[in-house]
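Biologist: Could you take a close look at the metal site for me? Please then carry on to its surroundings in the model, and keep it brisk.

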Amino acid sequence: MNIDSTPTAEPIARLIQEFNELPGIGPKSAQRLTYHVLRAPADKADALADAIKAVKEKLSLCSLCLNITDSQPCAICRDEERDHTTICVVEEPIDILSLERTRKYKGLYHVLHGVIAPADGIGPDELKIKDLLSRLNAGQVTEVILATNPNLEGEATAMYLQRLIAPLGIRLTRLARGLPYGGDLEYADDVTLSRALEGRQDM
Amino acid sequence: MTAPRVYQTEAIIIKRTKLGEADRILTLCTPALGKLKAVAKGTRRPQSKLGGHVELLTHSLLMLARGRNLDIITQAQTIDDFLPLKDNLERVSRGLYISELVDSFTAERMEDRRLFNLLLDTLHQLSQAEDGELVLRYFELHLLERLGYRPRLQQCASCGSSLQPAANYFSSSQGGALCHDCAYQEPIARPLSLNALKVLRLWQDSDYATASRVRMKPELSSELEQVLREYIKYLLERQLKSTAWLDKLRQESQQANS
Ligand SMILES: [Zn+2]
Ligand SMILES: [Zn+2]
C-alpha cells in the first residue's frame with residue numbers, strides 16, 4: 001500500500017507520526033507498526049495502549065531507594081526478609097536488575113541516577129546523593145556497598161561518596177574490580193590487572 | 001594516492017559519549033591528526049578487548065579503520081594509564097578540566113604536535129605535582145599561546161606604553177595587561193596585582209621545571225585563576241562546565257579542614 005498517493009485517515013497518519021518519533025523507528029517501520037495495530041484484535045490494541053499509559057501514570061521513583069516502582073515504597077524496600085542495614089549504591093535502575101539476577105545480594109539499594117561527569121555539567125547536586133545521606137543519617141544502616149561502574153566517572157563518584165560517608169563511621173565497601181569472566185588476560189589493560197591483583201583472594 | 005584503510009596513531013582520550021547499546025564515541029587528541037572522533041565498539045561490555053585501553057585520560061596506541069562516517073578503533077594498547085591521577089579525586093577532576101579545555105578550543109583534524117605534547121606533559125605533571133593549581137595555570141597559559149591568544153604582558157595591551165611596577169589591570173577583550181589610563185576606558189578591565197603580573201610573565205616564557213618553582217599564597221593563586229578563567233570565558237563566550245565541579249570540591253575540602 002502506498003500511503004503517499006492514497007489519502008490517509010487522520011488517526012492512521014497520527015499513529016504513524018507517533019511511531020516515527022520513537023528511537024530507531026524510521027518512516028517505513030512506523031507504517032508497518034501502524035498497520036499491524038490496525039489489523040490486530042481490539043483487545044490487543046487496548047493492552048498496548050494501557051501498557052503505555054501505565055508506564056507514565058503508575059510508575060514513580062521509590063521515596064527511599066529512588067528505584068522505579070509502581071508502589072510506595074518499592075517492593076525491595078518493603079521486603080522485611082531483606083537486610084535493611086546494608087545499602088548498595090548503583091548508578092541506574094537497570095543495575096538493580098543485574099544485581100538481583102545474581103540472587104546473592106539481600107540488602108537494599110540506592111539509585112544515584114547518574115555519575116559525576118563534570119564536562120557534562122553533572123555534579124553531586126544533579127544526583128540523588130542528598131537522599132542517600134539522609135537515609136544513612138537515619139542510623140539503621142551499617143554497611144554501604146559502592147557499585148558504581150568501574151570506569152573513570154564511576155570511580156570518581158565512588159571517591160567522592162567515600163569522602164561524604166567516611167565521617168559517618170559506616171562500613172564502606174566497593175565491588176571488587178578485576179578480570180571479567182570470559183575475558184582474556186592477554187587483553188586486560190594494566191588498570192584492570194592491577195585492581196585484580198589488589199583484590200586477589202585466598203583459595 | 002589514496003589514504004590507507006587502516007592506520008595507527010598515539011592518542012589521549014579526552015571525551016567519550018555513549019552510542020547505542022554498548023558502543024562509545026571517543027574524542028581523541030593525537031599528534032599528527034589533531035583532535036578526532038572515533039567509534040569504540042562494545043567497550044561498555046566487560047569482556048571488551050578495548051576496555052581500559054580506551055578509558056578517559058589514557059594515553060594509548062590505537063589502530064583505526066576508516067569508516068563511512070567516523071573511523072573505528074580496531075585495536076588499542078595502553079602506553080600510560082595515569083593511574084596516580086585516576087586514584088585521586090582532585091587530580092582526576094583537574095585532568096577532566098584540561099580535557100574539556102582542549103576539546104572546547106580545538107577544531108577537528110588540525111595537526112598540532114606541540115599541543116598534544118603539552119597535554120601529555122600536563123597529565124604527567126598532574127599525576128605528581130603538589131600544587132595542582134599551578135599545573136592548571138601553566139597549562140592554560142601555554143594552551144592559549146598555542147592557539148594564538150598569548151596574553152600581552154610586557155607592555156600595555158592597548159596603548160603599548162610600559163607598565164609601571166605597581167598594580168595594573170587585565171582586560172580579556174584586549175587580551176592582556178592594561179595601564180591605568182587605558183583601564184579607565186575599559187569598563188570590564190579587572191585589577192591585576194604586581195605579583196600576579198610577574199608570575200604570569202615568568203610562566204609565559206619559562207619551561208615547566210622553572211615555572212613550578214613558584215610558591216604562591218592562596219590569594220595570589222586564586223587571583224591568577226580568576227584572571228585566566230575570565231579570559232578563557234571571554235574567548236569561548238561561555239563558562240567551561242567542569243569549573244563548577246572544581247570549585248565545589250575545593251570549597252568542600254576547605255570546609256572539612258576548617
Ligand atoms: Zn525502594
Ligand atoms: Zn595603556
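Modeller: What follows starts at the metal, moves to the chain interface and ends with one residue of the other chain. Keep in mind that this is a predicted model.

Start with the donors. The zinc ion (ligand 2) is held by protein atoms of chain B. They are the SG atoms of B:Cys156, B:Cys159, B:Cys179 and B:Cys182. Their distances to the zinc ion run from 2.2 to 2.4 Å. Along the sequence, the spacing of these donor residues reads C-x2-C-x19-C-x2-C.

Now the geometry. The four donor atoms subtend angles of 103 to 115 degrees at the zinc ion (ligand 2). A set of four counts as tetrahedral if all angles lie between 85 and 135 degrees. The arrangement is therefore tetrahedral. For reference, the ideal angle for four tetrahedral donors is 109.5 degrees.

Which of the cysteines are open to solvent is worth a check. B:Cys156 has a relative accessible area of 4%, so this residue is buried. B:Cys159 comes out at 45% and is therefore partly exposed. The cut-offs behind these labels are under 20% for buried and over 50% for exposed.

Next, the interface. Chain B puts 28 residues in contact with 24 residues of chain A. About 2300 Å² is buried between the two chains. Carbon and sulfur atoms supply 62% of that area. On the chain B side, B:Lys49, B:Leu89 and B:Trp245 lose the most area to chain A. Together these three make up 23% of what that side buries.

Polar pairing also crosses the interface. Six residue pairs are in polar contact between chain B and chain A. The salt-bridge rule finds four bridges across the interface. One salt bridge joins the side chains of A:Asp125 and B:Lys248, at 3.6 Å from N to O. Three helices of chain B each give two or more residues to the side that touches chain A: helix 1 (83–86), helix 2 (89–105) and helix 9 (242–257).

Last, a residue of chain A. A:Glu143 sits in strand 5 (residues 143–146) of that chain. Its relative accessibility is 16%, so A:Glu143 counts as buried. The side chain of A:Glu143 has a polar partner in the side chain of A:Thr173, at 2.9 Å. Beyond neighbours within four places in sequence, A:Glu143 is also in contact with A:Thr85, A:Thr86, A:Ile87, A:Ile170 and A:Arg171, among others.

How values were computed. Residues are numbered from 1 along each chain as its sequence is written. Chains are lettered from A and ligands numbered from 1 in the order in which they are written. This is a predicted model: local features need pLDDT of at least 70, side-chain atom pairs count only at pLDDT 80 or more; totals for chains, interfaces and linings use all residues. Side-chain values use heavy atoms; hydrogens and water are left out. Donors are N, O and S atoms within 2.8 Å of the metal (3.2 Å for Na, K and Ca); water is not among the atoms, so sites may look incomplete. Four donors count as tetrahedral if all angles lie between 85 and 135 degrees; four count as square planar and six as octahedral if opposite donors are over 155 degrees apart and all others between 65 and 115; anything else is irregular. Buried means under 20% relative accessible area, exposed over 50%, partly exposed in between (1.4 Å probe, protein chains only). Contact means heavy atoms within 4.5 Å. Buried area is the accessible area (1.4 Å probe) that two parts lose on being put together, summed over both. A polar contact is a pair of N or O atoms within 3.5 Å; within protein, one must be able to donate a hydrogen and the other to accept it, and residues adjacent in sequence count only if both atoms are side-chain atoms. Helices (H or I, at least four residues) and strands (E, at least two) are DSSP runs, numbered from the N terminus.
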